[in-house]
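Work through these exercises with the model open beside you. Try each task before reading its solution.

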Amino acid sequence: MAKGNINVSVENIFPLIKKFLYSDHEIFLRELISNGTDATTKLKHLIAIGEAKTELGDAKIEISIDKEAKTLTIKDQGLGMTMDEVEKYINQIAFSGAEEFLEKYKDDKNETGVIGHFGLGFYSAFMVAAKVDIFTKSFKEDAAAHWTCDGSPEYTLVEHDKKDRGTEIVLHIAEDSLDFLKEDKIKGLLNKYNRFNQVPIKFGTKKVNDPDFTPQTTTDKDGKETTEPHKKIDVDNIINNTNPAWTKAPADLSDEDYTNFYRELYPTQFEESLFHIHLNVDYPFNLTGILFFPKLSTSMDMQKDKIQLYQNQVYVTDNVEGIVPDFLQMLKGVIDSPDIPLNVSRSYLQADGAVKKISGYITKKVADKLISLFKNNRADFEKKWNDIKVIIEYGMLSEDKFFDKAKKFALFPTVADSYFTFDELLEKTKDTQTDKDGNHVILYASNKDAQHSYIEDATAKGYEVVVLDSPIISHLMQKLEGGDAKVKFTRVDSDFIDNLIKKDETAISKLSEEEKTTLKPIIETAIAAEAYTVQLEAMDSDASPFIITVPEFMRRMKEMQASGGGGMMGMGNFPDMYNLVVNTNSPLISNILNSKNADEQKHLISQAFDLAKLSQNLLHGKELTSFIKRSYELIK
Ligand SMILES: Nc1ncnc2c1ncn2[C@@H]1O[C@H](COP(=O)(O)OP(=O)(O)OP(=O)(O)O)[C@@H](O)[C@H]1O
């Protein structure tokens with residue numbers, strides 16, 4: 001028997017391991033299963049190259065709980081260890097690995113940047129165990145070994161009579177970690193970390209129909225048929241799928257396989273995805289995965305279902321910040337890469353060259369997929385546009401390379417449900433919508449219903465009005481305008497129709513300059529205390545007498561500030577600014593001007609002003625009530 005001291009340079013490493021990131025205690029199971037998985041795949045390799053003369057058999061990893069003995073056992077049928085190997089791998093290598101890991105992170109408890117925490121390895125067992133036994137038998141001829149350690153730096157290592165190949169790790173669960181003896185707890189952990197593990201994991205048994213049994217159907221004297229119940233048998237309860245879709249070649253998968261995988265990944269998500277992108281690269285880094293464009297939904301499940309990061313089919317985290325570009329974090333799916341350094345802080349991750357390349361590769365694959373969808377089936381792409389536009393618009397804003405590609409397929413739907421790319425839109429509108437100064441004006445509405453009357457005026461003139469309603473659209477407009485000094489986006493209600501796109505013809509005003517000077521203060525007084533700038537304009541006599549407009553520049557700056565930076569500082573706090581455009585050619589305005597009765601004048605102005613407000617959805621509360629009262633009076 002060998003007794004020894006694990007080479008301790010940190011005074012006592014075990015209390016430290018125990019304290020390490022309290023909430024992460026559960027990772028011990030993932031670490032031990034990973035060791036068992038490595039041991040199994042290593043053996044498979046040795047058999048394949050003829051170095052191990054044994055059969056792999058139905059090698060699996062078995063997890064079992066003994067509530068009475070208070071033990072949790074992880075047993076594999078991998079290559080096992082000889083006595084010498086235990087000495088080398090567990091007492092020296094594993095220990096120095098754990099030591100190095102703790103040295104790095106012991107002062108880092110609050111550093112949320114550490115993701116994954118891979119690398120603590122075998123000694124993470126001491127986060128939950130008061131004592132650990134290892135029983136191991138190598139595939140080589142040597143005798144089996146029994147190593148035990150109770151959390152002090154002392155261990156014992158003796159021969160053992162274990163006959164079957166592989167390693168059995170028995171954790172004597174500590175009093176403060178008894179939770180890990182509960183089946184549901186272990187089931188939950190296996191499902192979280194290991195449901196796509198490369199080697200099958202058995203946890204208990206389950207009852208299934210006996211395949212060798214055919215239930216008999218008998219007919220009684222009344223002719224009623226009864227079928228006997230199916231005979232049940234106990235089989236291993238294998239908790240994982242060792243060949244998830246992302247590990248297969250895209251050519252071997254049908255659309256249905258992808259749909260099924262989406263369901264497998266997010267069992268509580270009933271909405272299907274819009275389309276998928278299969279990632280598969282082995283140079284200059286290794287990465288596989290499948291990303292799904294979800295149907296946009298506000299349900300909580302959707303927020304919960306994030307992209308999951310795996311390393312060799314072992315779950316690491318669903319925080320992919322830094323690895324997946326920000327704008328694609330709304331996607332769902334899986335990324336698996338052994339090349340992502342996981343036990344490093346996030347700031348390091350973002351500076352890491354390989355990780356940057358991964359992020360760039362993902363962006364490029366997504367853009368390529370979108371281009372092919374757009375080219376191959378434009379009608380379908382148009383149908384999906386509403387669900388994907390926020391992601392694409394966000395991407396165009398945040399990644400210049402993506403902007404260049406997406407400009408070719410980003411769509412601008414019109415109020416009449418036609419979909420144009422930006423270039424098509426410019427081409428379609430360049431003749432009709434270029435003003436006298438050569439500015440090419442793109443008219444848009446943010447809400448088809450609320451801006452209905454303005455849209456009507458614009459379409460009556462033969463203008464195209466596009467519907468742009470994403471929260472970040474004002475930033476994107478700014479960016480698109482930046483690309484061409486002559487292109488200007490203008491919302492349909494930002495001015496009266498003739499001013500939206502100024503043409504050369506000047507309308508003749510029915511009112512003289514003198515009449516205008518008289519009219520303006522009358523209106524200003526009647527609408528006093530309101531934040532409106534009165535603007536007299538000669539318009540078509542059939543056009544509305546009063547029109548409320550919201551100047552484009554001020555509104556857009558406010559919107560940009562509200563949706564995160566980009567606007568002018570402090571603009572977000574400015575009150576809304578409105579113009580009241582008075583049509584001096586409207587017969588009603590002549591009536592107001594010619595009325596000798598001040599009360600009647602005020603009455604007409606209030607009624608027309610309220611109607612203008614109503615068409616901008618600005619009439620609320622007390623004002624709306626008195627408008628309704630006044631209107632009923634009129635029809636009495
Ligand atoms: N179940 C096992 N079967 C065979 N060898 C094992 C087993 N568990 C651990 N070992 C040996 O002990 C070594 C150290 O294990 P440990 O988990 O501490 O580190 P690691 O697996 O090498 O790396 P990581 O830090 O990524 O876990 C392993 O490299 C392996 O050689």
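## Exercise 1: An open sheet

The model is predicted. Its open sheet of three strands follows the order β20-β19-β21, and the pairing is parallel.

**Task.** Find which strands stand at the edges, and explain why one side of each is left without a neighbour in the sheet.

**Solution.**
- Step 1. The edge positions belong to β20 (465-467) and β21 (487-491).
- Step 2. Each has a single partner strand, so one of its sides has no neighbour in the sheet.
- Step 3. Add the geometry: on average, neighbouring strands of this sheet are turned by 40° against each other, direction ignored.

**Task.** State how many bridges join β19 to β20, and name the bridge partner of Leu443 in β20.

**Solution.**
- Step 1. Strand β19 covers residues 440-445.
- Step 2. Three bridges join β19 to β20, and the two run parallel.
- Step 3. Leu443 has Val465 in β20 as its bridge partner.

## Exercise 2: Around the ligand

**Task.** Identify which residues come nearest to the ligand, and which element gives the largest share of the shell.

**Solution.**
- Step 1. There are 19 residues around the ligand, and the nearest are Asn35, Ala39, Tyr89, Ala94 and Gly121.
- Step 2. Two or more shell residues come from each of α2 (27-48) and α3 (83-105).
- Step 3. Helix α3 has the largest share, with five residues.
- Step 4. By character, the shell splits into nine nonpolar, eight polar and two charged residues.

## Exercise 3: Two annotated positions

**Task.** Decide whether Glu31 is buried or exposed, then classify Gly97 in the same manner.

**Solution.**
- Step 1. Start from the record: the unreviewed UniProt entry gives the feature "binding site" at Glu31, Asn35, Asp76, Met81, Ser96, Gly97, Thr167 and Arg346.
- Step 2. Place Glu31 in helix α2.
- Step 3. Count its neighbours: Glu31 has 22 other C-beta atoms within 10 Å, so Glu31 is buried. The cut-off for buried is 20 or more.
- Step 4. List its contacts: leaving out residues up to four places away in sequence, Glu31 touches Leu120, Gly121 and Ser124.
- Step 5. Place Gly97 in helix α3.
- Step 6. Gly97 has 16 C-beta neighbours inside 10 Å, so Gly97 counts as partly exposed.

## Exercise 4: The whole chain

**Task.** State what percentage of the protein chain is buried, and how many helices and strands the chain has.

**Solution.**
- Step 1. The chain has 636 residues, and 33% of them are buried.
- Step 2. Its secondary structure comes to 19 helices and 24 strands.
- Step 3. Take the contacts between residues at least 6 apart in sequence: 71% of these join residues at least 24 apart.

Technical notes:
Residues are numbered from 1 along each chain as its sequence is written. This is a predicted model: local features need pLDDT of at least 70, side-chain atom pairs count only at pLDDT 80 or more; totals for chains, interfaces and linings use all residues. A residue is near a molecule or strand if its C-beta atom, placed from the backbone, lies within 6 Å of it. Helices (H or I, at least four residues) and strands (E, at least two) are DSSP runs, numbered from the N terminus. Ala, Val, Leu, Ile, Met, Phe, Trp, Tyr, Cys and Pro count as nonpolar, Asp, Glu, Lys and Arg as charged, and the others, Gly among them, as polar. Two strands pair if DSSP finds at least two bridges between them. Axes are lines fitted to C-alpha atoms, for helices over the stretch in contact, and angles run from 0 to 180 degrees between N-to-C directions. A residue is buried if 20 or more other C-beta atoms lie within 10 Å of its own, exposed if 12 or fewer, and partly exposed in between; C-beta atoms are placed from the backbone. Two residues are in contact if their C-beta atoms, placed from the backbone, lie within 7 Å. UniProt positions are given in the numbering used here, feature names are shortened, and annotations may be inferred rather than shown by experiment.
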